[in-house]
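Let's take a friendly walk through a protein fold, piece by piece. Keep the picture in view as you read.

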Amino acid sequence: MRIQLKRCLYLFMIFVIVTVLAGCTNKSNTAIEEVKVESSQYEKYSDSMFDSFDTLIQVVAYTKSEAEFKQYFEQIHDRFLELHRLYDIFNSYEGLNNIKTINDQAGIAPVKVAPEIVKLIQFCKDWYVKAGPETNIAMGSMLSIWQDYRDMASSNPAEAKLPPMEELQAAAAHSNMDDIIIDEKNSTVYLVDPKMSLNVGAVAKGYATEIVALEIKEAGLQSAIISAGGNVRTIGKPLDGVRERWGIGLQHPDRLTVTAEENLLDTAFIEEASVVSSGDYERYYMVGDKRIHHLIDPNTLMPADYYRAVTVVTKDSGLADFLSTVVFILPFEQSYAFVESMEGTEALWMLKDGTIKLSNGMGSMLKSKNASSMD
């Protein structure tokens, strides 16, 4: 898996913002929530990793001891590493069949894989039917062309250009989701089309985060934030004896270099839920004065051009990750209607002109609408 410098900087900022909002500092020039804990049997600890999903993964948790936190963190770390290898589309690992193995065997033979892969792919197929074609994991061949042009632009910005449309169209012809054959009984996946390639980047990180959150909660962790490159999943509420909800900073697309409150788009207060944002500021390159980002509309095969950013809030982190791409690619009226049709899902849209739009229930979570962590 690969990552660019701009995204590294963005993810570093997410790390800082989540740290601040989780109450990991009381410095008046950065902290959004000043939390004074009179007494609590729990203490707050944090740690991070940067060896899974090519992103910074941070864990903030309240536990009764540092030793307890370290035990949970080690389990979280190990599981993320395992899921990273399973969902990797770029690298092979000795003795392990992963998504890359499936792609390498396209049109040749079914591949026996771990249940976590079968379930992820079935999840994507099911939600493709429910939500529409905007998130299509079978478009790997077309998306790899865009990845190559982003990489070339990163190496030589002066020569940055768009891929030829005919090349994109030829690759997109090999993206029929029905050509992904899953045999759950035998735990195999087969790509019928030899020119098809899976790309699970729109959902794998969130899906993995949800797996980890559920497993670590089952192991006994009651109060935590897991932030996987800005895909935020909370467990319970902050056990500081004060707050009822976690405060999650929403990154402003144009303010990526500072973390003071005024430079956030807003703050969302949540408990036992996920917050996932998608935007044109995450992975992109410039062609002249045009920002060419990574969120590709399957209808035009070009970057979607309705918003600067969207944020989706729902309980399941895998679903939030999947839906954030759908919500970003659809034009606003369709996008809004789609979110309103989804029970337990809310969204925020930042339009190209900076206008903010909210779903009906989103305002009740936002600091700008007088929500707080004490509610």
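## The sheet

In this predicted model, eight strands make up an open, antiparallel sheet, in the order E1-E2-E6-E7-E10-E13-E14-E15. Strand E1 (43-52) and strand E15 (356-358) stand at the edges with a single partner strand each, so one side of each has no neighbour in the sheet. From one strand to the next, the twist averages 10°.

For a look at one pairing, find strand E7 (residues 231-235) and strand E10 (residues 274-279), which pair in the antiparallel sense over two bridges. Val-232 has Val-275 in E10 as its bridge partner.

## Helices on the sheet

Which strands does H2 touch? H2 packs on the sheet against E1, strand E2 (55-63) and strand E6 (224-228), and its direction makes about 20° with that of E1. Helix H9 (residues 332-341) lies across strand E13 (307-314), strand E14 (346-351) and E15, and runs at about 165° to E14.

## Two helices that cross

Helix H2 (residues 66-87) also meets helix H4 (residues 115-131): their axes come within 10 Å and cross at roughly 65°. The crossing is right-handed. On the H2 side you will find Arg-79, Leu-83, Leu-86 and Tyr-87, which meet Glu-116, Ile-117 and Leu-120 in H4. By class, this contact has five nonpolar, no polar and two charged residues.

## The nonpolar cores

The largest nonpolar core has 71 residues, and among those touching the most other members are Phe-80, Tyr-87 and Ile-121. Leaving out residues up to four places away in sequence, Ile-121 touches Ile-99, Ile-102, Ile-137, Ile-180, Ile-182, Val-189 and Leu-198. A second, separate core of 20 residues includes Tyr-62, Val-232, Met-365 and Leu-366.

Terms used
Residues numbered from 1 in each chain as written. Predicted model: local features only at pLDDT ≥ 70, side-chain atom pairs only at ≥ 80, totals over all residues. Heavy atoms only, no water. Axes fitted to C-alpha atoms, helices over the stretch in contact; angles between N-to-C directions. Helix = DSSP H or I, 4+ residues; strand = E, 2+ residues; numbered from the N terminus. Left-handed = near helix turned anticlockwise from the far one by under 90°. Contact = heavy atoms within 4.5 Å. Nonpolar A, V, L, I, M, F, W, Y, C, P; charged D, E, K, R; others polar. Core = buried A, V, L, I, M, F, W, Y, C linked by side-chain atoms within 4.5 Å. Buried < 20%, exposed > 50% of the residue type's maximum accessible area, 1.4 Å probe, protein only. Pairing = 2+ DSSP bridges.
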